[in-house]
Amino acid sequence: MAGGSAAELILFIAAIVIAASVAGTLTSEVTRVSDALSAKSLDVAGDIRADAEIVSDAGSRVYNRSGNGNVTIHVRNTGASDLPADPGTIDVLLDGEYRTDVTVTTVDGDATWHTGDVVRLEFPADLDPDTDHRLKLVVRGDEEVFRFRT
């Protein structure tokens with residue numbers, strides 16, 4: 001009788017130890033998932049707050065304005081957050097081709113693209129005269145399309 005109680009006690013202690021380790025593992029995994037969701041929600045909130053509008057006139061000359069073969073367009077930050085004025089902020093596709101040689105400068109010379117401010121995008125292109133082109137900008141998930149004729 002005394003031997004049966006000792007065996008039951010050992011099994012009970014083993015069950016408690018296993019339950020405690022499972023609870024600890026579940027708690028740490030829930031914490032990791034919660035941290036990942038928080039980080040992702042901050043990224044999504046930043047994307048939602050970013051918005052830009054192309055303010056260049058499609059009827060005006062955007063190609064080869066200064067005779068150097070560049071495409072020059074102006075984009076206004078209409079979102080709720082400031083953005084860095086660097087090429088890593090804006091993805092540019094001209095006629096479906098991704099452009100990596102884009103220069104981004106704010107019109108007022110600031111390093112930050114504040115809400116309501118305008119940046120100038122310039123990049124070299126070899127475009128035929130009297131042809132139609134499609135320029136697509138992606139600013140943190142916000143997409144804008146601009147069509148122009150050379």
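Which residues of strand β4 sit on its covered face, and which on its uncovered one? Here are some notes to help you find your way to that strand and around the rest of the chain.

1. **Before you start.** This is a predicted model, where local features need pLDDT of at least 70 and side-chain atom pairs count only at pLDDT 80 or more, while totals for chains, interfaces and linings use all residues. Residues are numbered from 1 along each chain as its sequence is written, and side-chain values use heavy atoms, with hydrogens and water left out.

2. **Strand β4.** To settle the opening question: Ile90, Val92 and Leu94 make the covered face of β4 (residues 90-94), with Asp91 and Leu93 on the uncovered one. Strands and helices here are DSSP runs numbered from the N terminus (E, at least two residues, for strands; H or I, at least four, for helices).

3. **The neighbours of β4.** Strand β9 (residues 132-139) runs antiparallel to β4, and five bridges join them. Strands count as paired if DSSP finds at least two bridges between them. β4 also pairs with β5 (residues 97-99), again in the antiparallel sense, over three bridges. Val92 is a handy residue to click on: it stands opposite Leu137 in β9, and its bridge partner in β5 is Arg99. Between β4 and β5 there are two residues, making a hairpin, and Asp95 in the turn has a positive phi of about 55 degrees.

4. **The whole chain.** Zooming out, you'll count one helix and 10 strands. The helix comes before the strands in the sequence pattern, α-β-β-β-β-β-β-β-β-β-β. The C-alpha trace spans about 100 × 30 × 20 Å along its principal axes. The radius of gyration is 29 Å, whereas a compact globule of 150 residues would have one near 15 Å. That radius is taken over C-alpha atoms, and the globule rule is 2.2 Å times the number of residues to the power 0.38. Buried residues come to 29% of the 150 in the chain. Buried means under 20% relative accessible area, exposed means over 50%, and partly exposed is in between (1.4 Å probe, protein chains only).

5. **The helix and its patch.** Have a look at helix α1 (residues 2-49), where Val17 is found. Val17 counts as exposed because its relative accessibility is 53%. Together with Leu9, Phe12, Ile13 and Ile16, Val17 makes a nonpolar surface patch of about 510 Å². Patches take residues with over 30% relative accessible area and no salt bridge, joining like charges within 9 Å and nonpolar side chains (Val, Leu, Ile, Met, Phe, Trp, Tyr) within 5 Å. The areas come from the Shrake-Rupley method with a 1.4 Å probe, and for residues only the protein chains shown count as cover.

6. **After the helix.** Asp51 lies in the loop between α1 and β1, and is partly exposed, with a relative accessible area of 23%. Asp51 and Arg140 are 89 residues apart in sequence, but their C-alpha atoms are 7.9 Å apart in space.

7. **A four-strand sheet.** There is an open sheet with antiparallel pairing, in the order β1-β2-β8-β6. β1 (52-54) and β6 (103-106) are its edge strands, each pairing on one side only. β6 pairs with β8 (residues 118-124) over four bridges, in the antiparallel sense. If you want a landmark there, try Thr105, whose bridge partner in β8 is Arg120.

8. **Salt bridges.** The whole structure has five of them, a salt bridge being a side-chain nitrogen of Lys or Arg within 4 Å of a carboxyl oxygen of Asp or Glu. One joins Asp132 to Arg149, with the closest N and O atoms 2.7 Å apart. This pair links distant parts of the chain, 17 residues apart: Asp132 is in strand β9 and Arg149 in strand β10 (residues 142-149). Asp132 is exposed at 57% relative accessibility, while Arg149 is partly exposed at 47%. Another salt bridge brings Glu143 and Lys136 together (3.4 Å, N to O). Salt bridges with shared partners also join Glu97, Arg99 and Asp101 into one network.

9. **Back to Arg99.** Inside that network, the side chains of Glu97 and Arg99 meet at 4.0 Å, N to O. Why does Arg99 count as buried? Its relative accessibility is 14%. Glu97, at 48%, counts as partly exposed.
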